[in-house]
Amino acid sequence: MRFNRYLKWFGVASTVGMLLILLGGALVTKTDSGMGCGRHWPGCNGQLIPDEITPEVLIEFSHRVVTGSVGILIVVLAIWSWKAIGHKRETKLLSFLAIFFLILQALIGAAQVLWGQGDFILALHFGISLISFASVLLLTLLVFEVDQKFDADKLTIGKTLRFHTIGVTIYSYFVVYTGALVRHTESELSCTDWPMCKNGDFSLPANFWEWVQMSHRTAAALIFIWLGIIAIHAIRHYKSQRVIYWGWMTAFILVSLQVLAGGAVILTRLNLYLALAHSLFVILLFGLLTYMVLLVSRSRQTK
């Protein structure tokens, strides 16, 4: 019993740590601190521990320290879970994905520091970290036996909701990518109004940066509408299955907060706290969507 309790603590620490990695990465990008340690990795400005601390150095170096520390936790969690709950069908796959994508995002970050990367490649960095976060989150939920507590194998989900669940989760990754592309191409204020690029003007974007910004806004609007449709479907057909009902209600609340935070970021001219809140809502929403996919995979199907 004590063995399992320690594993649960490892799961919680790893999940919170991955959340900090994602928010730390967003902070690095939003404060232009990516070169705070110069073209040096894993050291910082030619030193193992920098002696000259500027805000950019502090943010970048702290992000590296957190990533390295949490990486150790995740490796331990993955191996421990493999041995302790390897009989659960998703455990081994999630353990592999958590480690693989954690290493991949670290390598992309290192490559950016050492040699530089194009904006379209860098935009993948946040999404790759997001997959690692989702894997760690689901692994932790399996450790806590949440699937059994919610009777996931007794849920009955129809074809329509199955299609929506898988479809909107895949599409959400595209929305995340377009949002990351906005940051890395520095297109945040290419459109200074919201929700239109220029309110009252329905013309097409005039340049590359406006196209990037408005493409993301359009993608975000579509996922907002899509999750609204799913929420209505859940209200009509799944009130008796509380985990499904409340799962989709929560998803719609998160996407609403995400959209509002995105608009507020533009209107406040890139307020840092609102920008981080926007990233937080994206992370939580993606984690929830992947959990809904897990529920679908374990449930029975109806016509």
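Q: What joins C191 to C197?
A: A disulfide does, with an S to S distance of 2.0 Å. The term is used for a pair of cysteine sulfur atoms within 2.5 Å, so this pair fits. By the way, this is a predicted model, where local features need pLDDT of at least 70 and side-chain atom pairs count only at pLDDT 80 or more, while totals for chains, interfaces and linings use all residues. Residues are numbered from 1 along each chain as its sequence is written, and side-chain values use heavy atoms, leaving out hydrogens and water.

Q: Why is the disulfide of C191 and C197 called left-handed?
A: The torsion about its S-S bond is about -85 degrees, so left-handed it is.

Q: What makes C197 count as buried?
A: Buried means under 20% relative accessible area (over 50% is exposed, in between is partly exposed; 1.4 Å probe, protein chains only). C197 has 11%, so it's buried. C191, at 0%, counts as buried too.

Q: Which other cysteines form a disulfide?
A: C37 and C44, with sulfur atoms 2.0 Å apart. Both C37 and C44 are buried.

Q: Why are α7 and α8 called roughly antiparallel?
A: The axes of α7 (residues 208-237) and α8 (residues 242-267) cross at roughly 155 degrees. Angles over 145 count as roughly antiparallel (under 35 is roughly parallel, 65 to 115 roughly perpendicular, the rest oblique), therefore the label fits α7 and α8. Axes here are lines fitted to C-alpha atoms, for helices over the stretch in contact, with angles from 0 to 180 degrees between N-to-C directions. Helices are DSSP runs (H or I, at least four residues), numbered from the N terminus.

Methods:
Helices (H or I, at least four residues) and strands (E, at least two) are DSSP runs, numbered from the N terminus.
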